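Hi everyone, thanks for coming. Let's take a few minutes to look around a structure that may be new to you.

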Amino acid sequence: MIDSHVHLDDEAFDEDRDELIKNLNENGIEIVVNNSSDLSSSENSVKLANKYENIYASIGVHPHEAESYNDDVEKKLIELSKNKKVVAIGEIGLDYYYDNSPRDIQREVFKKQIALAAKLKKNIVIHSRDASEETFEILKEAHEKYEFTALIHCFSQSVDMMEKYLKMGDYIALGGAVTFKNSKTPKEVAKKVDLERLLLETDCPYMTPVPYRGKRNEPKYVKFTCNYIADLRQIESSELEKITAANTKRFFGI
């Protein structure tokens, strides 16, 4: 299986990171993509990717850290992007739930990083929370100007919005939230999304799926999300594993 969105550089893994990564294969995980939140985590993502064959990196500045983005950061991201293990720009986007950065700055930095990704010929990984309409409108406008494909990570928006993204050629990623008892919308999305545009993720160490909810998330737990969605779709888990792994490699160019 492939976990399309991890944060293995997070301090939650400081005590057992190397051991966990070395055990990925025996736990059924072929590849993981380590996503970033700022320049420091982007650098750490690339270090991990250089150290381990089965790790790839997505680099960029999360909306929480939008105020840290400047010309020097962009120049350093460009340098990092030259590494062959860097497969996307992300996670980038808008977060109006926490508002850790002013919204006008979030929008500005989001647009700058979309333009950067297009310049670098990289696809983008999107974080969107409580900003679904604005995220969509920015991406819709960007699709008219640039060539890129977006992956909407940890998708929690409506089925209608999911269909709008698919029409633009974008992809959807679902994680542990789909297994939560009261998480109705992700379940509906899981039932209706075009399987050729679906990726699986953990977002570890966050969003741990049932039956381990409340504990630290790990890449090996992506199988619980896979099994749950396969049951919803009434298909074999092995079939969904194969389809989503192929989708992930196609999206990231792996």
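**The cores and one helix**

Let's begin inside: the largest nonpolar core has 67 residues, and those with the most contacts within it are L8, L77, I114, I124, L139, F155 and I172. By nonpolar core I mean a set of buried Ala, Val, Leu, Ile, Met, Phe, Trp, Tyr and Cys residues joined through side-chain atoms within 4.5 Å. Helix α4, residues 103-120, gives this core its largest share, six residues. There is also a second, separate core of 14 residues, with I2, V87, V125 and L151 among them.

A word on the source: this is a predicted model, where local features need pLDDT of at least 70 and side-chain atom pairs count only at pLDDT 80 or more, while totals for chains, interfaces and linings use all residues. Residues are numbered from 1 along each chain as its sequence is written, and side-chain values use heavy atoms, leaving out hydrogens and water.

Now please find helix α7, residues 184-192; helices here are DSSP runs of H or I, at least four residues, and strands are runs of E, at least two, numbered from the N terminus. Which residues of α7 are buried? They are P186, K187, V189 and A190, where buried means under 20% relative accessible area and exposed over 50%, with partly exposed in between (1.4 Å probe, protein chains only). Seen down the axis of α7, these buried residues fall within an arc of 160°, so they line one face of the helix; the arc is taken from the directions from the helix axis to the C-beta atoms. On the face turned away from that buried side, α7 carries the exposed K184 and K192. The buried residues pack against α6 (159-167), β7 (171-174) and α8 (222-233), with contact meaning heavy atoms within 4.5 Å.
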